[in-house]
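Here's a quick tour of a protein chain for someone at the bench. Have a look at the structure first.

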Amino acid sequence: MNLFLLILAFAVLLLAMIGSVVPALPGVPLAYLSLWIGRWSGYTPFSNTFLWILAGISLAVFLADYFLPPLILKKFGGSRAAAWGSAIGMLLGLIFTPVGMIAGMLLGAFCGELIFADKSGSNALRAAWGAFLGFALGTGLKLALCFYMLYKLLSMLLN
């Protein structure tokens, strides 16, 4: 049973890494869950202090991923039309992951600004760039946290 839990911890962490890029999966909560599963396996004796600290970091990354993209989009002059366009474009682009997601997000934000917000081409392009930077920052934070958790699982296992 313990070996099964350890394998499950790594499987959940792999799913979390996918979820860090694909918006439909909760990457950060799954990554944190993988640490608990690793602890329950008995192979990775994480301390309570470590798990509380990682809970706080996970919550901060989760919230940053939720709030930073719209803030960055606004900073680059984007409107609600760009936000909706980027979200719809990203969802439609899921079919051609990951290139389709990024292209769909950029194209959606650009078209949203151009068509619905009546902005010029250069302003729409700037908003699309802001949407991309917000997505890249959020995804980068989530992936960095997942890779750190993978490192901790592996280092505890190998010690």
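The notes below go from the whole chain to one helix and then to a surface patch.

## Ground rules

This is a predicted model, where local features need pLDDT of at least 70, side-chain atom pairs count only at pLDDT 80 or more, and totals for chains, interfaces and linings use all residues. Numbering runs from 1 along each chain as its sequence is written, and side-chain values use heavy atoms, with hydrogens and water left out.

## The whole chain

You're looking at 6 helices and 0 strands, with helices taken as DSSP runs of H or I of at least four residues and strands as E runs of at least two, numbered from the N terminus. The C-alpha trace spans about 60 × 30 × 20 Å along its principal axes.

Of the 159 residues, 39% are buried; that means under 20% relative accessible area, with exposed over 50% and partly exposed in between (1.4 Å probe, protein chains only).

## Helix α2

Helix α2 covers residues 27-41, and its end C-alpha atoms sit 21 Å apart, which agrees with the span expected for 15 residues at 1.5 Å a residue. That expected span is 1.5 Å times one less than the number of residues.

Its buried residues include L30, Y32, L35 and I37. The buried residues of α2 pack against α1 (2-21), α3 (48-75) and α6 (121-158). Just after α2, G42 takes a positive phi of about 90°.

## F67 on α3

Is F67 buried or partly exposed? F67, found in helix α3, is partly exposed, because its relative accessible area is 47%.

How values were computed. Contact means heavy atoms within 4.5 Å.
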